[in-house]
Amino acid sequence: MNTQIIYADKKYFLSFYETLSIVAKERIYIEMIEAPPFADVCAFQSGLVEKNGPIYYAVQDDRVVGWCDVFPNENIRQSHRGSLGMGLLPEFRGQRLGYQLLSKVVEHAKLFGLEKIELNVYTSNVNAIALYRKSGFVEEGLIKHYRKLDGQYFDCLTMAKFL
């Protein structure tokens with residue numbers, strides 16, 4: 001099957017929401033453990049698309065199977081920075097889609113005027129850390145006990161890339 005990396009489009013918001021829900025319910029890769037209400041997700045996605053912000057989907061057969069985006073900081077004194085978010089459905093991991101998505105978003109973030117992309121990644125997510133390093137992100141710090149879920153602590157690396 002052919003998976004395409006495309007700029008986000010409103011017609012895919014429901015499919016994106018379904019993919020976000022699946023990844024969130026895994027409870028191990030992204031901060032949320034369930035997707036926010038659909039209307040909130042649509043508003044958030046629409047806001048970034050309307051600004052022509054860096055937001056891409058991996059789409060196969062009209063289904064969003066992954067995403068990558070950078071949300072610019074709203075504080076005017078920090079608006080040169082943005083926060084990265086991304087995820088892929090389990091069956092689409094390990095196929096270079098994450099690298100393709102990340103490359104498109106980084107390229108777009110430069111054109112958008114961002115100077116730095118920042119992210120947080122759980123230290124247990126070794127595949128994501130390897131992807132970020134391969135893409136030029138460097139470690140800026142370690143946050144011990146960043147998250148507590150079901151009585152278990154998770155440490156987090158902060159990573160960044162200057163554009």
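**Figure 1. The outer surface of the protein.** In this predicted model, the protein exposes about 8,900 Å². Carbon and sulfur atoms supply 51% of that exposed area. As for what is tucked away, 46% of the 163 residues count as buried.

**Figure 2. The whole fold, end to end.** Count them up and you'll find 4 helices and 7 strands in the protein. Walk along from the N terminus and the elements come in the order β-α-α-β-β-β-α-β-α-β-β. The radius of gyration is 15 Å, close to the 15 Å that the globule rule gives for 163 residues, so the protein is as compact as a globular protein of that length. If you lay a box along the principal axes, the C-alpha trace spans about 40 × 35 × 30 Å. Now look at who touches whom, taking contacts with a separation of 6 or more: 64% of them join residues 24 or more positions apart.

**Figure 3. Looking into the largest pocket.** This pocket holds about 1,100 Å³ of space. Its lining is made up of 41 residues. Which residues lie nearest the centre of the pocket? They are Y29, I30, M86, G87 and Y132. Sort the lining by class and you get 25 nonpolar, 10 polar and 6 charged residues.

**Figure 4. The elements around the largest pocket.** Helices and strands both help to line the pocket. On the helix side, α1 (13–26), α2 (38–50), α3 (97–112) and α4 (126–134) each supply at least two residues of the lining. The strands β3 (63–72), β4 (81–88) and β5 (116–122) each supply at least two residues as well. Which element gives the most to the lining? That's β4, with 6 residues.

**Figure 5. R96, in the loop after β4.** Follow the chain on from β4 and you'll meet R96 in the loop that leads to α3. Phi of R96 is near 70°, a positive value in a residue other than glycine. Is R96 buried or partly exposed? Its relative accessibility is 47%, so R96 counts as partly exposed, since that label covers values between 20% and 50%.

**Figure 6. D150, between two strands.** D150 sits in the loop between β6 (138–149) and β7 (152–162). Here too the residue is not a glycine, yet phi is positive: for D150, the angle is near 55°. With a relative accessible area of 66%, D150 is exposed, because anything over 50% gets that label.

How values were computed: Residues numbered from 1 in each chain as written. Predicted model: local features only at pLDDT ≥ 70, side-chain atom pairs only at ≥ 80, totals over all residues. Heavy atoms only, no water. 1 Å grid on protein atoms, 1.4 Å probe; cavity = no way out; pocket = protein on both sides within 12 Å on 5 of 7 lines; lining within 4 Å. Points joined across faces, edges and corners; volume = space filled by probe spheres on them. Nonpolar A, V, L, I, M, F, W, Y, C, P; charged D, E, K, R; others polar. Rg over C-alpha atoms; globule rule 2.2 N^0.38 Å. Buried < 20%, exposed > 50% of the residue type's maximum accessible area, 1.4 Å probe, protein only. Contact = heavy atoms within 4.5 Å. Areas by Shrake-Rupley, 256 points an atom, 1.4 Å probe, with all protein chains shown as cover.
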